[in-house]
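Me: Please take a close look at one part of this model, going residue by residue where that is possible. After that, set out what else can be said about the pairing and packing in the rest of the chain.

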Amino acid sequence: MAHCHDVLGIGFGPANIALAIALEEARELDGPQALDVRFLESHPDPVWQGGMLLDGSDIQNNPARDLVTLRNPRSRYTFLNYLHEVGRIIEHLNLPMQFPLRTEYAAYIKWVRQHFDGLVDYGQRADRIEVTTCDGRPAYAVTTASGATYLGRSLVIAPGRTPYVPAPFDQVDDKRVFHFTEYLYRIDALREPPATTVVIGGSQSAVEITLDLARRFPNGDVRSYVRAFALRLKDTSPFSEEGFFPAFTDYYFDAPRPGKLVLDAYMRPTNYSSVDEDVLHELYQLIYEQRLADRQRVWVSGNRVVRSAEQSDDGVLLTVEEVHTGALERVEADAVVLATGFRDLGPAGNQEPYPALVSGVADRLVFDDGYLRISRDYLVETRDAPPLFFNGVCETSHGIGDSGSFSLLSLRAAAIQRRLAAELARDRVPVTAAPATVSAASAISESHDFASTAPDGRPPIGGIAGVA
């Protein structure tokens, strides 16, 4: 029988890297007892946002909201310490940029990840999850594409969010149509420069890709279609940004579903279907200059929706409708980039009830009105199953702070680590064979966790006082 680990983690991107740090640093506080932890990662050498490491693009996020700082600013795994250890801190602080370059943040994440290589089996894609027993206790069995089986007394899945591919593209099986997360890989694989590329969506990624295409293929046309009236400026008000405070997460978690939907609608422009001012202005100026020179190559069309997509040897033929007038246009594209976001957990048509990875145990999951029951500390409610945690896909239960950003990632890792410790301590089995172990069972010191209030006890400045 395979060795039974205390904790199995699926995926080793930023979410589970942050958890690995939290587990390691807990041992420094707790003493000698260790949890036997193993992570499975599908990619042999994963690169954070590898398909979107565009020249000049930044992370749109304060670098102190990294893998660890909000939980433990003294950690060796902070972004600032990374810059120090690679000898680039002075140069970085001299950069005339508000946020770090995306390529540099990807290098930071890789630097941290490599400290935990001993805990990770790379190139192991989890295919199936089942409930079994191990040493007479319930456990998870994870089977990978290679046929290997891993056992764990608890499971933390961090699969990343599922790309949302809307109709009619969900019925198109063509390498020329792809989600923006694959952008650089697919563009680099093109046999020749595209004469026309279509970009679907009104997000930051849509604009970044439109600009990149204009630079990369100066003789090609780029047509960007937006369902709304126009591209929208991102809401960066510091009052709205308090939605990325832990106090807001508490407030959102306790709100009834109708209230959550109202909050979602308000918070959406802080992270979705909206664009940072610098790239928005760059795109507008580019189009203006092209018109001035009477050689327009980039178009942004609002109030548009794609009604059909037909494949041919020459390209992908799209039928695009103006949503208010009903006017139709036909566009033949050599490539179509879907900057259409991701699926959340839920019952709606653009959502999914649970990550596909857990379909093998779906009959054990507990729902309320189509939404999974998930605790404040990310424990999924199940029937007759060991502890199961979702790390990084819980926006519909925990709010905007649990989106794909780094905003509260380190605090989420702390919450999961504490609950893991409590769950596993109940029927702890002594570790007999653990060639790679990390921290013990008790909670991280509260001094390493930011409270929902300011250090002096005051609530945040915005409108969520008294809810933590």
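Reply: I10 has I157 as its bridge partner in strand 8. The model is predicted, and every value here is computed from its atoms. Strand 8 covers residues 155–157, and strand 2 pairs with strand 8 over three bridges in the parallel sense.

Strand 2 also pairs with strand 3, residues 35–41, through four bridges, again running parallel. Here the residue to look at is G9, whose bridge partner in strand 3 is F39. Strand 2 therefore has strand 8 as one pairing partner and strand 3 as another. In general, strands of a sheet pair through backbone hydrogen bonds, either parallel or antiparallel.

The side chains can be sorted by direction. Strand 2 spans residues 7–10, with V7 and G9 pointing one way and L8 and I10 pointing the other way. V7, L8, G9 and I10 are all buried. So burial holds for both directions of strand 2, with the cut-off for buried at under 20% relative accessible area.

A separate open sheet is made of four strands in the order 1-7-6-5, and its pairing is mixed. Its edge strands are strand 1, residues 4–5, and strand 5, residues 126–134, each of which pairs on one side only. For strand 5 that pairing is with strand 6, residues 137–144: eight bridges join the two, which run antiparallel. Within this pair, E130 has A141 as its bridge partner in strand 6.

C134 counts as buried because its relative accessibility is 5%, against a cut-off of under 20%. C394 counts as buried for the same kind of reason, with a relative accessibility of 0%. The model has zero disulfides, where the rule asks for a pair of cysteine sulfur atoms within 2.5 Å.

Turning to helix packing, helix 7, residues 246–254, and helix 8, residues 257–267, have axes that come within 8 Å and cross at roughly 140°. That angle makes helix 7 oblique to helix 8, because only angles over 145 degrees count as roughly antiparallel. On the helix 7 side, the contact involves F248, Y251, Y252 and F253. On the helix 8 side, these residues meet R257, K260, L263, D264 and M267. By class, the contact residues divide into six nonpolar, no polar and three charged.

Technical notes
Residues numbered from 1 in each chain as written. Predicted model: local features only at pLDDT ≥ 70, side-chain atom pairs only at ≥ 80, totals over all residues. Heavy atoms only, no water. Buried < 20%, exposed > 50% of the residue type's maximum accessible area, 1.4 Å probe, protein only. Pairing = 2+ DSSP bridges. Axes fitted to C-alpha atoms, helices over the stretch in contact; angles between N-to-C directions. Parallel < 35°, antiparallel > 145°, perpendicular 65-115°, else oblique. Contact = heavy atoms within 4.5 Å. Nonpolar A, V, L, I, M, F, W, Y, C, P; charged D, E, K, R; others polar.
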